[in-house]
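Subject: Structure handover

Hello,

Here is the structure for your work. Please look it over before reading the notes below it.

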Amino acid sequence: PLQKIAPFLSAANIDLKGWDDDFYRNVCGGDFMPVLNTLKLMKKLNIFVEVTTLAVTGFVDDESILRDIARFIKNELGAETPWHISRFFPQYHYASAPPTPPKVLQRAREIGLDEGLRYVYIGNIMDGGGENTNCYSCGERLIHRSGYQILSNKILNNKCPACGAVIDGIGISGDEK
């Protein structure tokens, strides 16, 4: 199905919920490898992909798991692939689990950046920086966000105005109307 809709699909955000078969089977009720294979196929089909991982307390909050996910994204999808790490809040089957501590999200962001990802975001928390887009080359803050609101966008012609680095994404220029 993905190959049939690919000509009509420019971008997608895919949840990579965990990092092993047991987690996918026992917690998600699905299979792990089809998710990885779909992500790789999207890249091959030139669909711009963003990956979201919910940092579930006690399941997807270990540094080694987060590092493995970041390495997969970098090596298989490319450094330009945005990675969103979202805070878990207790609900439904996991109502007794605690919410993800903010320090876990900050550490996950550091891991992603250390592994060479250009764009790593923190979601479901107002943390004062992890939701912004910064230039991977010079560090200039390009898109300033607060929650789901864009407060400013300095990207011009898909480039950083400070250093000229090409900023990856679709429809990201502040100069677009």
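The notes below cover the sheet, the helices on it and the two largest pockets.

Please keep in mind that this is a predicted model.

Sheet

Four strands form an open sheet in the order β1-β2-β3-β4, and their pairing is parallel. β1 (11-15) and β4 (120-123) are the edge strands, each paired on one side only. On average, and ignoring direction, neighbouring strands in this sheet are turned by 20° against each other. Inside the sheet, β2 (residues 48-55) and β3 (residues 83-87) run parallel and are joined by five bridges. One residue pair to look up is Thr 52 and its bridge partner in β3, His 84.

Helices on the sheet

Helix α3 (residues 33-44) packs on the sheet and touches β1 and β2. The direction of α3 makes about 165° with that of β1. Helix α4 (residues 63-77) also packs on the sheet, where it touches β2 and β3; the angle between the directions of α4 and β3 is about 155°.

The two helices also pack against each other. The angle between α3 and α4 is about 35°, their axes are 10 Å apart, and the crossing is right-handed. On the α3 side the contact involves Leu 36, Leu 39, Lys 40 and Lys 43, which meet Phe 72, Glu 76 and Leu 77 of α4. Sorted by class, this contact has four nonpolar and three charged residues, and no polar ones.

Pockets

The largest pocket holds about 450 Å³ of space. Its lining has 19 residues, and those closest to the centre are His 84, Glu 131, Arg 145, Gly 147 and Tyr 148. His 84 is thus both the bridge partner of Thr 52 and one of the residues closest to the centre of this pocket. Two or more lining residues come from each of β3, β4, β6 (141-146) and β7 (149-153), and β4 gives the most, with three. The lining is made up of eight nonpolar, nine polar and two charged residues.

The second largest pocket has a volume of about 350 Å³. Of the 18 residues that line the second largest pocket, Lys 17, Leu 54, Val 56, Phe 88 and Tyr 94 lie nearest its centre. Here the elements giving two or more residues to the lining are α2 (21-28) and β2. By class, this lining has 11 nonpolar, five polar and two charged residues.

Regards

Conventions. Residues numbered from 1 in each chain as written. Predicted model: local features only at pLDDT ≥ 70, side-chain atom pairs only at ≥ 80, totals over all residues. Heavy atoms only, no water. Pairing = 2+ DSSP bridges. Axes fitted to C-alpha atoms, helices over the stretch in contact; angles between N-to-C directions. Contact = heavy atoms within 4.5 Å. Left-handed = near helix turned anticlockwise from the far one by under 90°. Nonpolar A, V, L, I, M, F, W, Y, C, P; charged D, E, K, R; others polar. 1 Å grid on protein atoms, 1.4 Å probe; cavity = no way out; pocket = protein on both sides within 12 Å on 5 of 7 lines; lining within 4 Å. Points joined across faces, edges and corners; volume = space filled by probe spheres on them.
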